[in-house]
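Student: Please take me through one part of this model with care, looking at how its aromatic rings are placed and what lies around them.

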Amino acid sequence: MKLSDHLILGIDYGTESMRAILVDIETKKEIAESSMIYPRWKKKLYCNPAQSQFRQHPLDYLEVLEFVVNDIVKKVPEARTKIKALGIDATNCTPIAVDKEGTPLSMKPGFEEDPDAMFILWKDHTAIKDCDDINRHAKTSKLDYTKYSGGGANYSAEHFWAKCLHIFRNPKIKKEAHSFVENCDWLPNLLVGIKKPEELKRNISIAGFKALWNKEWGGYPPNEYFKSIDPVLDGIVDTFSKEVYLCVSPIGTLSEEWASRLNLNTDVIVAAGHMDATAGAIGAGVREKVMVEIVGTSTCAVLAGKKHNRSIPGITGQADDAVIPGLVGYEAGQAAFGDLYAWFRRVLLWPFVEIFNKLPYIDDDLKEKIYKDVYDELIPNLARQAKLSDNDESCLIATDWINGRRTPDVDYNLKGTLAGITLSSTAPLIYKSLVEATIFGTKAIADQFIKHGIEVEEIIAVGGISQKSPFVMQIMSDVLQMPIKVLNVIQGPALGEVMCAAVAAGYYPDLETAQDQLGVKDYKIYTPRNENREFYLKAYDKYRKLENVKQIIE
């Protein structure tokens with residue numbers, strides 16, 4: 001295939017791995033892709049699920065970046081001189097403590113194995129109590145700076161300042177740290193040679209959705225506000241530059257060091273960093289009145305609408321220009337989706353792990369093959385059997401709060417539940433109830449937006465589960481009583497980054513044009529089955545009532 005001289009690289013840092021795609025802007029075709037699992041994360045290092053602690057080492061990010069980009073260049077040698085721009089997104093909110101030079105503490109002697117010196121992954125909930133302190137303070141503050149991040153005194157333990165407060169309350173970290181930096185800001189700035197916190201070009205999506213930045217109060221809240229929450233926060237916000245950057249803003253070109261490490265030229269334009277959820281929504285074609293549902297281990301629901309000054313209660317956040325420049329961006333989501341299915345699979349596989357694998361009379365190679373086959377086929381088989389069941393067969397109602405609830409109305413003290421179990425409750429029926437629970441969580445989010453005047457006329461689903469499970473997608477359509485358009489795109493966030501980088505490099509005048517030119521036109525539509533409407537209305541009502549068991553199981 002003959003390539004043009006105008007190639008764009010889109011890089012997406014996910015929860016488990018990093019992936020990148022290479023797109024030819026002239027032909028609008030994807031040329032190559034590559035991915036790599038984070039090596040330390042794969043070994044489950046620095047994580048303690050029992051304490052909701054999930055940390056990632058910065059070296060994981062740098063090592064996979066070098067491997068993946070060099071792998072693409074090996075696959076397409078011409079790309080070395082033809083890549084004109086790149087964009088990076090990453091999981092959010094995933095920040096890290098850095099010193100005055102911008103070096104992550106875990107890359108310094110004495111901190112190499114300290115989880116508090118590493119990136120705090122989005123699903124880390126170790127800051128729940130710290131977040132409670134922020135919310136209590138917000139209720140007594142003259143100006144509620146959390147009004148656009150959770151709907152007022154409803155800030156999330158997954159967000160920037162809750163994690164900052166938690167980490168800086170560690171005296172060892174407080175002594176050495178100077179600032180707190182999001183991964184999707186640290187990475188692109190590092191590539192262009194910007195390291196000092198005061199010079200970092202931080203992106204508007206993280207600032208607006210997660211870090212309390214808003215034009216209404218002139219940027220970030222003042223230092224005195226944070227100091228009054230806890231003196232350990234004194235001075236941190238003053239290490240941030242006053243300006244924030246759009247996802248289509250160029251922040252520089254590759255430094256000589258990183259051009260060499262990535263085997264690229266120094267004239268490659270680097271776009272400002274970006275949240276993975278908003279990048280995925282852009283890649284999927286988010287626009288006014290369209291909700292993009294990014295369905296994976298968790299979910300993110302992203303919308304964009306006209307500017308206004310009202311706060312939507314109970315959602316993750318809203319911020320001007322944070323999704324599509326010129327529009328208000330909205331974000332909500334579920335703390336567990338595919339994670340709930342994965343948990344159930346682990347439960348069912350317990351005998352294989354603890355008993356079968358220890359049987360001395362079966363060959364180890366045969367054990368491994370059998371385990372892999374069962375692992376791979378378990379969820380698809382559960383779905384096939386669940387699909388054959390009649391709604392009248394099951395009175396099971398589950399909740400999706402196995403990792404707490406992100407939205408609507410954040411509450412990480414909520415627990416997952418399963419009600420209505422009888423002697424006839426089979427594994428497929430339990431799986432069906434778990435799928436329904438995750439979709440009920442999606443409906444609760446959509447209802448929250450609609451209730452408060454945000455129009456939702458179309459739902460676009462992207463992400464691994466949307467591609468892999470027609471069973472889940474059909475139930476989503478049945479529960480929401482709306483058509484669900486599933487785009488045939490595997491690397492939605494990476495494609496969104498290609499679009500942002502293409503605008504940053506001047507190939508398109510705005511993001512909407514880039515979406516029109518590079519967007520995926522191939523999709524499948526799931527339509528609601530009317531015969532299931534009444535069943536799911538009643539089941540959804542029972543799901544919402546299960547929140548009342550919180551007091552029993554806390």
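Tutor: What follows begins with one pair of rings and then moves to the charge over one of them, the neighbouring helix and a further tyrosine.

This is a predicted model, in which local features need pLDDT of at least 70 and side-chain atom pairs count only at pLDDT 80 or more, while totals for chains, interfaces and linings use all residues. Residues are numbered from 1 along each chain as its sequence is written, and side-chain values use heavy atoms, with hydrogens and water left out.

A search of the whole structure finds 30 aromatic pairs, a pair being rings of Phe, Tyr and Trp (its six-membered ring) whose centres lie within 6.5 Å, counted as stacked with planes under 30 degrees apart, as edge-to-face over 60 and as tilted for the rest. For Y371 and Y375 the ring centres are 6.1 Å apart and the planes stand at 35°, so this pair is tilted. Y371 and Y375 both belong to helix α14 and are four residues apart, about one turn of the helix; helices here are DSSP runs (H or I, at least four residues), numbered from the N terminus. An α-helix has 3.6 residues a turn, so residues three or four places apart point the same way.

Y371 counts as partly exposed because its relative accessibility is 25%, and Y375 counts as partly exposed at 33%, where buried means under 20% relative accessible area, exposed over 50% and partly exposed in between (1.4 Å probe, protein chains only).

The charged end of R345 sits over the ring of Y375, 4.0 Å from its centre; for this, NZ of Lys or CZ of Arg must be within 6 Å of the ring centre and within 35 degrees of the ring normal. R345 is itself one of the buried residues of helix α12 (residues 338-348), which also include L340, Y341 and F344. The buried residues of α12 pack against α14 (364-388), α15 (427-451), α16 (464-468) and α17 (470-480).

Turning to the further tyrosine, Y536 is placed in helix α20 (residues 533-545), and at 4% relative accessibility Y536 counts as buried. Leaving out residues up to four places away in sequence, Y536 touches N391, K432, E436, F440, I475, D478 and V479, contact meaning heavy atoms within 4.5 Å. The side chains of Y536 and E436 are joined by a polar contact of 2.9 Å, that is, a pair of N or O atoms within 3.5 Å, of which, within protein, one must be able to donate a hydrogen and the other to accept it, with residues adjacent in sequence counting only if both atoms are side-chain atoms.

Conventions. Helices (H or I, at least four residues) and strands (E, at least two) are DSSP runs, numbered from the N terminus.
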